[in-house]
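This report covers the overall make-up of one protein model, then a helix and a disulfide.

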Amino acid sequence: MLRHHSLHHSPVVHKLIGILALALLAACNGRSPIPTTIIATTTTSPTTTTSPTASPTSTAVPTETPTPQPTTTTTLTATPTPTRAPTATATATATAVPPQAVVNGLTLDQFLLMDAATQDHIRDIYALGQQLGRSPNAFSKIGDSVVLTPHFLARFDSNQYNLGIYAHLQATINQYAGSFARFGQAADVGLSARTLFQLGWADRDVCLPDENAIACEIRLQNPSITLIRLGTNDQIAADFAANMGKLIEQLLAEGIIPVLSTKADRFEGEVNANNIILRELAAAYHIPLWDYDVVAETLPDRGLSGDGIHLTMSGANDYTQAGVLEKGYPVSDLTALMVLDAIRQVVAVAQPNS
């Protein structure tokens, strides 16, 4: 059954706003007092233990004294041994991950949050979309000037890329050919979750008089997936949560998989409020989260250019060059392609019997 949660003016919105308020409080007060009682208990305990032990040791027969001492030493020596063992095991597990599933030390499941429940849900969304005639070979971009640029994904529709060890992603480039370089009606400079639904943002030359940018984009592109990167131009957290909920619900009703992306910038403040909201929305609606904010942490200056909003660029998406993996747009493109590839494989699985 398709999961459909009402968020716009619903208790979920109030819950999200409450969570955000708690996050703001936590950001302002990060200290936690150390209980004095615990310190006193810890100090008293060794004193009580040491005193009786020292007395019998000096009184007892010399033959008996060495016996407990090696026992104590052996016990203390054995304690770190099990601690080191799991560390070695964890290292071996990380090493076993194939390099084509890793970007700058991060595995796919660290920047794509898509648990079993979410996978089941997107299969349902995709199935509905196929009933409604959505194209399995098309996706749309929704976002602001960070998205409306030839540096965002467009190179996969040209010869300006070299996948290197990520060559397996070519199948996904082939499937969605034409969508990467397309700048549709839902990508515009200064776009926000609020203005997305205002009629003035749709192109009057191609959109109908009563169509907003989203409705127009759906009609023209007929996508089965949307990549959504918004939040830089949204300064009021409650409005952002409500408008994003409205967008998600419209896409779900249309049988289109919404993929939320966090952003690298902190334009609304260091509290990172809008990324927190995006993570909460993805969890509440059981939709995929492309957590680019986590990826940005692996890049110099978070992959941001001098304005603190737009991403750093390279001449081409050549992933055989180490320097390319230090730039914002090429790494954003690569991780987005990996997200699309994972979703493509999930929806290809036959629907379970219900």
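## Fold, helix H12 and the disulfide

Of the contacts in the protein between residues at least 6 apart in sequence, 75% join residues at least 24 apart. The model is a predicted one. Its secondary structure consists of 12 helices and 9 strands. The protein has 354 residues, and buried residues make up 42% of them. Its accessible surface is about 17,300 Å², with 60% of that belonging to carbon and sulfur atoms.

Helix H12 covers residues 328–348. At 1.5 Å a residue, its 21 residues should span 30 Å, and the end C-alpha atoms are 30 Å apart, so the expected span and the model agree. Burial in this helix is extensive: 19 of the 21 residues of H12 are buried, and therefore the helix is largely enclosed by the rest of the structure.

The structure holds 1 disulfide, which joins Cys-207 to Cys-216 with an S to S distance of 2.0 Å. A disulfide is a covalent bond between the sulfur atoms of two cysteines. About the S-S bond of Cys-207 and Cys-216 the torsion is about -90°, so this disulfide is left-handed. Burial is assigned under 20% relative accessible area, and the table gives the values for the two cysteines.

| Residue | Relative accessible area | Class |
|---|---|---|
| Cys-207 | 7% | buried |
| Cys-216 | 0% | buried |

Cys-207, at 7%, falls under the 20% cut-off and so counts as buried. Cys-216, at 0%, is buried because its value is also under 20%.

Methods:
Residues are numbered from 1 along each chain as its sequence is written. This is a predicted model: local features need pLDDT of at least 70, side-chain atom pairs count only at pLDDT 80 or more; totals for chains, interfaces and linings use all residues. Side-chain values use heavy atoms; hydrogens and water are left out. Helices (H or I, at least four residues) and strands (E, at least two) are DSSP runs, numbered from the N terminus. The expected span of a helix is 1.5 Å times one less than its number of residues. Buried means under 20% relative accessible area, exposed over 50%, partly exposed in between (1.4 Å probe, protein chains only). Contact means heavy atoms within 4.5 Å. Accessible areas come from the Shrake-Rupley method with a 1.4 Å probe; for residues, only the protein chains shown count as cover. A disulfide is a pair of cysteine sulfur atoms within 2.5 Å.
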